[in-house]
Amino acid sequence: MKPIYVTQPVLPPLTDYTALLEEIWSSRILTNMGPLHERFAAALRELLGVAGLTLFVNGHTALEAGLEALDLTGEVITTPFTFASTTHALVRRGLTPVFADIRDDFTIDPEQVAALISEKTSAILPVHVYGHVCAVEALAEISRKSHLKLIYDGAHAFNISYFGKNIAAYGDMTLLSFHATKLFHTIEGGALVYSDPAHAELLDLLKNFGIQSAESVCAVGGNGKFSELAAAMGLCNLTAIAQEIDARRLATLRYREQLDDTPNLILKQPPEPAGSQLRHNFAYLPILLANQTLRDQVHEALRQQNIHARKYFFPLTSQYDCYRDRQWRGQTPLAADYANRVLTLPLYGALAQEDIDRICRIVDAACRTHESRRLR
Ligand SMILES: *Cc1c(COP(=O)(O)O)cnc(C)c1O
């Protein structure tokens, strides 16, 4: 059996990509904000309906640059139920993460955020985990009242619209990731989206060593430049994004039909209610098992059939070995519980129906052999 991974990157028809490579071969411009970089940035601004957008070599570099551009200090309230990047970016910028607990949709709980604000707090960094939309209205209200910056990790939230507006347009800034494992990718890549157009100038400097002109270097920048080859991949993949999301929606429905009455399991992908103001992106398919033992059994049963589900996000970032000696402010019991019970199943447009059915049979069988227990 061929291995099935949690995701499979979309690749455009090779001839689409080589057509753009031919442009690169004739211009001989490979990076440093060339013509394809500009074309791709413009296409993204149009698709997302935003004016402020800067491309970066990857999402993590974008996030660090965003934290720097917002000139944050002291504490930032965030979630430990996320990928390493979110927490590491804060620590690498000399900021102190303060961990708020999550709600049952895995996103940060605004009430807990409000309770953790201190005189040292400068910002809130929530994550649209799995593409589940954070409590954006409540978080905006809290940040406005307490004069805090609001920067979203939207690495999972490409092409979601909420009340007619792209989710990346909420808050002061949103980071997007275009890594090969994400719904939409440029091999490696990322962007910062921001509401204040004045950020553009500093972000352009930060991603290019602070170089303003041939003889003027006016900021201590790094290198976050997005290449022409990545832009070419982005331009090709933009044409396939709607189709990929549709295929994932159908795959999600097929999973839902088959796992709906599996005991000891809840599908955590919220259905898209008809007429709702949310257009979801079906980026991931998280399930929650009755307990850690069952989660690990399901993971192993799949692995034995060469199916590689992932324990996203276990362990919590606050529990990483590299943070062993740190004492964190904030209690996150629900995040800890969910990290022990969560499993992310394979989900991508090209995943065959027979494979979904096979995965469901394995998961269902493992759950049925487990002693029945009520789930919250
Ligand atoms: C992937 C990811 C990032 C980092 O993006 P890269 O493009 O891989 O640097 C940040 N946060 C979350 C939640 C992610 O999943």
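This is a short dialogue on reading some features of a predicted model.

Biologist: What should be settled before reading the numbers?

Modeller: In this predicted model, local features need pLDDT of at least 70 and side-chain atom pairs count only at pLDDT 80 or more, while totals for chains, interfaces and linings use all residues. Residues are numbered from 1 along each chain as its sequence is written, and side-chain values use heavy atoms, with hydrogens and water left out.

Biologist: How many helices and strands are in the protein chain?

Modeller: Helices (H or I, at least four residues) and strands (E, at least two) are DSSP runs, numbered from the N terminus. The protein chain has 12 helices and 17 strands. Its radius of gyration is 21 Å, close to the 21 Å of the globule rule for 376 residues, so the chain is as compact as a globular protein of that length. That radius is taken over C-alpha atoms, and the rule is 2.2 Å times the number of residues to the power 0.38.

Biologist: Is D101 buried or exposed?

Modeller: Buried means under 20% relative accessible area, exposed over 50%, and partly exposed in between (1.4 Å probe, protein chains only). D101 has 4% relative accessibility and so counts as buried. Of the 376 residues of the chain, 53% are in the buried class.

Biologist: Where does D101 lie, and what is it in contact with?

Modeller: D101 is in the loop between β4 (96–99) and α5 (110–116). Contact means heavy atoms within 4.5 Å. Leaving aside neighbours within four places in sequence, the contacts of D101 include Q112, Q331 and L334. A polar atom of the D101 side chain lies 2.8 Å from the backbone nitrogen of L334.

Biologist: How should phi and omega be read?

Modeller: Most residues other than glycine have a negative phi, and most peptide bonds are trans. Here M33 has a positive phi, near 55°, and F163 has a positive phi near 50°. M33 lies in the loop between α1 (14–27) and α2 (35–48), and F163 in the loop between β7 (161–162) and β8 (165–166). The peptide bond from Y312 to F313 is cis, with omega near 5°. Another cis bond joins F314 and P315, with omega about -5°. F313 belongs to the loop between β16 (307–308) and α11 (333–341), as does P315.

Biologist: What is M33 in contact with, leaving aside its neighbours within four places in sequence?

Modeller: Its contacts are E38, K207, N208, K225 and E228. M33 and S227 are 194 residues apart in sequence, and their C-alpha atoms are 7.4 Å apart. At 27% relative accessibility, M33 counts as partly exposed.

Key:
A polar contact is a pair of N or O atoms within 3.5 Å; within protein, one must be able to donate a hydrogen and the other to accept it, and residues adjacent in sequence count only if both atoms are side-chain atoms.
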